[in-house]
Amino acid sequence: MILRTALQTFGDYCLFIWRVFSIPDKWKVFFKRYIDEISKLGIDSIPLVVIISIFIGAVCTIQMELNVSSPLMPRYSVGLATREIILLEFTSSILCLILAGKVGSNIASEIGTMRVTEQIDALEIMGINSANYLVLPKIAAFVSFISVLVVFSMATALGGGYLVCVVTDIVPVSTYVYGIQTMFQEWYVWQALIKSLFFAFVVSSVASYFGYNVKGGALEVGKASTNAVVTSSIFILLLDVILTHVLLQ
Amino acid sequence: MIEVKNISKSFDDKQVLKNISAKFYDGKTNLIIGLSGSGKTVLMKSIVGLVSPEEGEILYDGRDITKMDIKQMKELRKEIGMLFQGSALFDSETVLGNVMFPLIMFSSMSNAEMKERAEFCIERVNLKDANNKYPSELSGGMQKRVAIARAIALNPKYLFCDEPNSGLDPKTSILIDELLSDITHEYGITTIINTHDMNSVLGIGENILFVNKGECGWVGTKDEIYDSDNDALNNFVFATRLFMQVKEMHNYNRIAGSKKQ
């Protein structure tokens, strides 16, 4: 029974995505909405990304210093380990899990409210493909802007570690800077960017699907928002396992 | 003219529409009335194409929408305007933005022409100084008028209104009714109104379809309704003491008038 429901939901999701990825009625309108969504979903997320990244970077550095303090380990390994954690997991998976909460709930509640207030029906009556009109700009905007957020996150998280070193002197700043430059693998940055593209698609499309299919009133919009965040978080974690295996083999 | 021929619709095991046939005329206010749960909303959604009936034909000036492909349906939708129960205005757009929306999506007008047309429609529904306001800043009646302005922006041939008076005070309801009636006559639109409001039924009902338990219960005009011996219809329209008195008054005036002659 559960399997049947899951398969049915997945089928519905695929049909929904098929409707979303059709040619927009008017490209000019699409680009206007795309720019609006970049501002709403992307630029508005920068403060959150920066704050979280600085603190996580700082905490990682403190944790590394506490756990890697051994006479057998060089001091610069604090910077090196902080960098690896940030590039390999934090800026792609953890950041997208956090954004699933902010962006996912925003998308699901916005589209869900439009559904229950008949705004989506109004679009359909006018002969507009509502899924394409409402959802495609959101997916396109979030997927294209996520790389900027990831790069911001990388820089500010490493900056957070740097700040801890400056303020507390747990590791000399020059040693930390040496650590984050040592044995640097460019591919780790690329794999974080690639993973984040998949995660951004999952967050925006799953949230849109839950919002678009709301039936009922305000209570159901809230439930859809919660379901969107939970479901996209689970899919991010599942995809993370697969993508990490594929990309770092 | 819109003609509905023998349409039926079921949800799970429950048959909501049973072989309904009706005609809705150009330049007239056509009303669909009935008790809650009688199937009138499903009927309207079927006519608009939001619900697919299992049987029957829905003809828009001879064009059967049940046999149309997506492209043909899309073209037809440009001829349709709809006023929703909750107005369904786009929250993120101003009044002007809402009314310009169908023009932006479907017309080849320049920006200045679109603005001019939208302002004309807003003025037509007697809204002033509201162009830059957002829907949340408007009263229920004003929202309805903006929705009417948006619905007529593309000069539709067919106008559908789902309970246009719900949630409005009696005075505003009459204003909305008059506005819909005027627009229907002025532009020769086929207007179909789904309503519970007896003031509307007796005020602007030029062609009334009474839906009873999913079937066509009665068809007639607002004047014919007083003479109907259909119990279900009488129990619905003249259910309150006020409307019973209206009926008695109407019959009294008619008898008095015929005696004078």
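Which residue sits in the turn of the hairpin that strand 4 and strand 5 of chain B form, and what is its phi? The residue in question is Asp61(B), with a positive phi of about 45 degrees, and the hairpin has two residues between its strands. Strands here are DSSP runs of E with at least two residues, helices are runs of H or I with at least four, and both are numbered from the N terminus.

A word on conventions before going on. This is a predicted model, where local features need pLDDT of at least 70, side-chain atom pairs count only at pLDDT 80 or more, and totals for chains, interfaces and linings use all residues. Residues are numbered from 1 along each chain as its sequence is written, while chains are lettered from A and ligands numbered from 1 in the order in which they are written.

Back to that hairpin. Strand 4 of chain B pairs with strand 5 (residues 63-64) of chain B in the antiparallel sense over two bridges; pairing requires that DSSP finds at least two bridges between the strands. Across this pair, Leu59(B) faces Asp64(B). Strand 4 (residues 55-60) of chain B also pairs with strand 1 (residues 2-11) of chain B, again antiparallel, over five bridges. There, Val4(B) stands opposite Ile58(B).

Now the main sheet to look for in chain B. It is an open sheet of six strands in the order 6-7-8-3-9-10, with mixed pairing. Strand 6 (80-83) and strand 10 (215-220) of chain B each have a single partner strand, so they form the edges and one side of each has no neighbour in the sheet. On average, neighbouring strands are turned by 20 degrees against each other, direction ignored.

Within this sheet, strand 3 (residues 29-33) and strand 9 (residues 207-212) of chain B run parallel and are joined by four bridges. One of the partnerships here sets Leu31(B) against Ile208(B). Helix 1 (residues 40-48) of chain B packs on the sheet, touching strands 3, 6, 7, 8 and 9 of chain B, and its direction makes about 155 degrees with that of strand 8 of chain B. Helix 5 (residues 140-152) of chain B packs on the sheet too, touching strand 6 and strand 7 of chain B, at about 170 degrees to the direction of strand 6 of chain B. Those angles run from 0 to 180 degrees between N-to-C directions, using lines fitted to C-alpha atoms, for helices over the stretch in contact.

The edge strand 6 of chain B deserves a look. In a regular strand the side chains alternate between the two faces of the sheet. In strand 6 of chain B both faces are covered: Ile80(B) and Met82(B) are buried on one side, Gly81(B) and Leu83(B) on the other. "Buried" asks for 20 or more other C-beta atoms within 10 Å of the residue's own, "exposed" for 12 or fewer, and "partly exposed" is in between, with C-beta atoms placed from the backbone. Strand 6 of chain B pairs in the parallel sense with strand 7 of chain B over four bridges, and Met82(B) stands opposite Phe160(B).

Next, pick out Leu209(B), in strand 9 of chain B. With 25 C-beta neighbours inside 10 Å, Leu209(B) counts as buried. Leaving aside neighbours within four places in sequence, Leu209(B) is in contact with Ala22(B), Leu31(B), Ile32(B), Cys216(B) and Val219(B). Contact takes C-beta atoms, placed from the backbone, that lie within 7 Å.

Zooming out, chain B comes to nine helices and 10 strands. Of its 261 residues, 39% count as buried.

Chain A brings some helices to follow. Helix 1 (residues 2-20) of chain A has one buried residue out of 19, so it lies largely in the open. In helix 9 of chain A, the buried residues include Val221(A), Ala228(A) and Leu243(A). Among the elements covering them are helix 4 (77-116) and helix 8 (186-212) of chain A.

Finally, where the chains meet, 13 residues of chain A are in contact with 14 residues of chain B. Helix 5 (residues 119-125) of chain A gives the most to chain A's side, with five residues.

Terms used: Contact = placed C-beta atoms within 7 Å.
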